[in-house]
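The following exercises ask the reader to work through a protein structure step by step. Each task is followed by its solution.

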Amino acid sequence: TFTISSPANAIIGRYNLILQVTSGNKIFSRFLGQFVVLFNPWCPGDDVYMANENERQEYVLNENGIIFVGNAKYIEARGWYYGQFQDHLLNICLTMLDLSLYYRQDPAIDVSRRGDPKYVGRVISSMINGNDNDNGVLLGKWQGSFHSHENPSRWDGSVVILEKWRQDNYKPVQYGQCWVFAGVMCTVLRCLGIPTRLVSNFNSAHDVDRNLSIDKYYDSSGKSLNISKDSTWDYHVWNESWFIRPDLGTQYNGWQVLDATPQEQSK
């Protein structure tokens, strides 16, 4: 009988377990199987450690949730099935990491950083949408006809989307909007062991030119000019994940914003 104890900052993913016995100048090897290492919110040494058991039950283990959509005067609650523990979901989520542009550009560096939840969060937020030509999960569409594909409002859970993505050989599923991106990303991050929740924001400011204001322009007669690309959406939905930030300092530990909806490109 032997025990394997992985460090709290171990790289997540699939591992091969091989037993090797050396006798004199002879070496015998036997493949014993595979195991998977995930982030562990129950482990005090892990960056994603969450001390409150009730919060772990809600933000890691709960497979059902409510997403709030609509507008500030009429908020609608939609049920959503995350299903992060369903069959095949873990393999799909681990494959997602290996399909990313980060992995394809430099597999060794990418894998070496998979013990860092902020890095994994960035990779997953990129892979949830298919707008970067990276075999992402969902294509976004906000106008026009949806008759040839699924209307985003018809989705009520992540599992069917992720399984369709896998069955279609990792071609982006059509179509998603902000709450769909957020729901699917919540599933993937919870599946990997990162505590995650959804946030809905109403009258949501969308600042395009990074001056932290929504700009509107009028001519001398008071007529509105269609110059600014800034906008205010009825609502927007994104994710927050729980982990520490040793790069920024302890005052920034806790909920970290991640947004998988494709808007402007970022680093």
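Two residues are in contact when they have heavy atoms within 4.5 Å of each other. Helices (DSSP H or I, at least four residues) and strands (DSSP E, at least two residues) are DSSP runs, numbered from the N terminus. The structure is a predicted model, in which local features need pLDDT of at least 70 and side-chain atom pairs count only at pLDDT 80 or more, whereas totals for chains, interfaces and linings use all residues. Residues are numbered from 1 along each chain as its sequence is written, and side-chain values use heavy atoms, with hydrogens and water left out.

**Exercise 1. Describe the overall chain.**

Step 1. Seven helices and eleven strands make up the secondary structure. Step 2. Along the principal axes, the C-alpha atoms fill a box of roughly 95 × 45 × 35 Å. Step 3. The chain has 267 residues, of which 39% are buried; buried means under 20% relative accessible area, exposed over 50%, and partly exposed in between (1.4 Å probe, protein chains only). Step 4. Among contacts between residues at least 6 apart in sequence, 62% join residues at least 24 apart.

**Exercise 2. Determine which residues of helix α1 are buried, and what they pack against.**

Step 1. Helix α1 spans residues 53–61, and its buried residues are R56, Y59 and V60. Step 2. Viewed down the axis of α1, these residues fall within an arc of 95 degrees, so they line one face of the helix; the arc is that of the directions from the helix axis to the C-beta atoms. Step 3. The general rule is that an α-helix has 3.6 residues a turn, so residues three or four places apart point the same way. Step 4. The buried residues of α1 pack against α7 (178–191), β7 (196–206) and β11 (254–258). Step 5. At the start of α1, a side-chain oxygen of N52 comes to within 2.8 Å of the backbone nitrogen of N54.

**Exercise 3. Explain why C43 and C186 form no disulfide.**

Step 1. A disulfide is taken as a pair of cysteine sulfur atoms within 2.5 Å. Step 2. The closest cysteine sulfur to that of C43 belongs to C191 and is 19 Å away, too far for a bond. Step 3. For C186, the closest cysteine sulfur is in C93, at 11 Å, again too far for a bond. Step 4. C43 is partly exposed, with a relative accessible area of 23%, whereas C186 is buried, at 0%. Step 5. A search of the whole structure finds zero disulfides.

**Exercise 4. Locate T187 and N91 and describe their surroundings.**

Step 1. T187 is found in helix α7 and is buried, with a relative accessible area of 0%. Step 2. Leaving aside neighbours within four places in sequence, T187 is in contact with Y82, Q84, L89, S158 and L162. Step 3. N91 is found in helix α2 (residues 89–99) and is partly exposed, with a relative accessible area of 44%. Step 4. The C-alpha atoms of N91 and V36 are separated by 9.8 Å, although the two residues lie 55 residues apart along the chain. Step 5. The side chain of N91 makes a polar contact with that of R14 (3.4 Å); a polar contact is a pair of N or O atoms within 3.5 Å, where, within protein, one must be able to donate a hydrogen and the other to accept it, and residues adjacent in sequence count only if both atoms are side-chain atoms.
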